[in-house]
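Subject: The structure we talked about

Hi,

Here is the structure I promised to pass on. Have a look at it first, and then read on for what turned up.

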Amino acid sequence: LPAALAARQGDTSSGSTAVVVLLTPTHFVCASCGDSRAVIANAERTDGVAALSEDHKPSLPAEAARIEAAGGRVLMDRVDGNLAMSRALGDFELKDEALDQCLQKVSPEPTVEILSREGTDEALIVACDGAIPTAHCMVGLCTGGKSESLTLFARCVGRDEQRRMLS
């Protein structure tokens, strides 16, 4: 299937990360693949924020083990010295059709986190990779007051991105 999709698209090197959050009356259920992020803002939680997702970095022990088992290497904190994420959709040039999708050097399998909702939860922030470049910015957005958060948002997100988001 990956080769057929790649042939139809004509590009084997493109990929994407993803994050999705399902809200139930009692829980947040987050599935993430790559470095897209989801956090809950709540002044009563540790550091005022609860992470629903973590970046899938090739240097993490379980990720490195899967990459090596699939015939790859972690070089300069990248899969085969190329991709900075160990989980993503696409990136067919790093896939081996003989392997199960979840056993690939770059796996499309998401991790799933389930967190109980609390009456004091203030906001859910879901951001694609690159929209908010650092965890520090996300924590600041969650813990600052409204004007502080908007100021930090302006610093964390570049001018071009701000214009695109506001247009």
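Two strands count as a pair if DSSP finds at least two bridges between them. Keep that in mind for β2 and strand β3 (residues 27–33): 6 bridges join them, and the two run antiparallel. Before I go further, please note that this is a predicted model.

**The sheet with β2**

If you want a spot to zoom in on, try valine 20, which sits opposite alanine 31 of β3. Both strands belong to an open sheet of 3 strands, ordered β2-β3-β9 and paired antiparallel. Its edge strands are β2 and β9 (111–116), and each of these pairs on one side only. From one strand to the next, the twist averages 15°.

**The sheet with β4**

There is also an open sheet with the order β5-β4-β10, again made of 3 strands with antiparallel pairing. Which strands stand at its edges? They are β5 (49–51) and β10 (123–127); each has a single partner strand, so one side of each has no neighbour in the sheet. On average, neighbouring strands here are turned by 20° against each other, if you ignore direction.

Between β4 and β5 you will find 3 bridges, in the antiparallel sense. To see one of the pairings, go to isoleucine 40: its bridge partner is alanine 50 in β5.

**Two residues to click on**

Start with arginine 37, which lies in strand β4 (residues 37–41). Is arginine 37 buried or exposed? Buried means under 20% relative accessibility, and arginine 37 comes out at 14%, so it counts as buried. Its side chain also has a partner: a polar contact of 3.2 Å links it to the side chain of aspartate 55.

Then go over to leucine 23, found in strand β2 (residues 18–23). Partly exposed covers the range between the 20% limit for buried and the 50% limit for exposed. Leucine 23 has 44% relative accessibility, so it counts as partly exposed. Which residues form a nonpolar patch on the surface with Leu23? The others are Leu124 and Val126, and together the patch has about 230 Å² of accessible area.

If you only have a few minutes, turn the model to that surface patch of Leu23, Leu124 and Val126, and then follow the side chain of arginine 37 to aspartate 55.

Cheers

How values were computed
Residues are numbered from 1 along each chain as its sequence is written. This is a predicted model: local features need pLDDT of at least 70, side-chain atom pairs count only at pLDDT 80 or more; totals for chains, interfaces and linings use all residues. Side-chain values use heavy atoms; hydrogens and water are left out. Helices (H or I, at least four residues) and strands (E, at least two) are DSSP runs, numbered from the N terminus. Buried means under 20% relative accessible area, exposed over 50%, partly exposed in between (1.4 Å probe, protein chains only). A polar contact is a pair of N or O atoms within 3.5 Å; within protein, one must be able to donate a hydrogen and the other to accept it, and residues adjacent in sequence count only if both atoms are side-chain atoms. Patches are made of residues with over 30% relative accessible area and no salt bridge: like charges are joined within 9 Å, nonpolar side chains (Val, Leu, Ile, Met, Phe, Trp, Tyr) within 5 Å. Accessible areas come from the Shrake-Rupley method with a 1.4 Å probe; for residues, only the protein chains shown count as cover. A salt bridge is a side-chain nitrogen of Lys or Arg within 4 Å of a carboxyl oxygen of Asp or Glu. Axes are lines fitted to C-alpha atoms, for helices over the stretch in contact, and angles run from 0 to 180 degrees between N-to-C directions.
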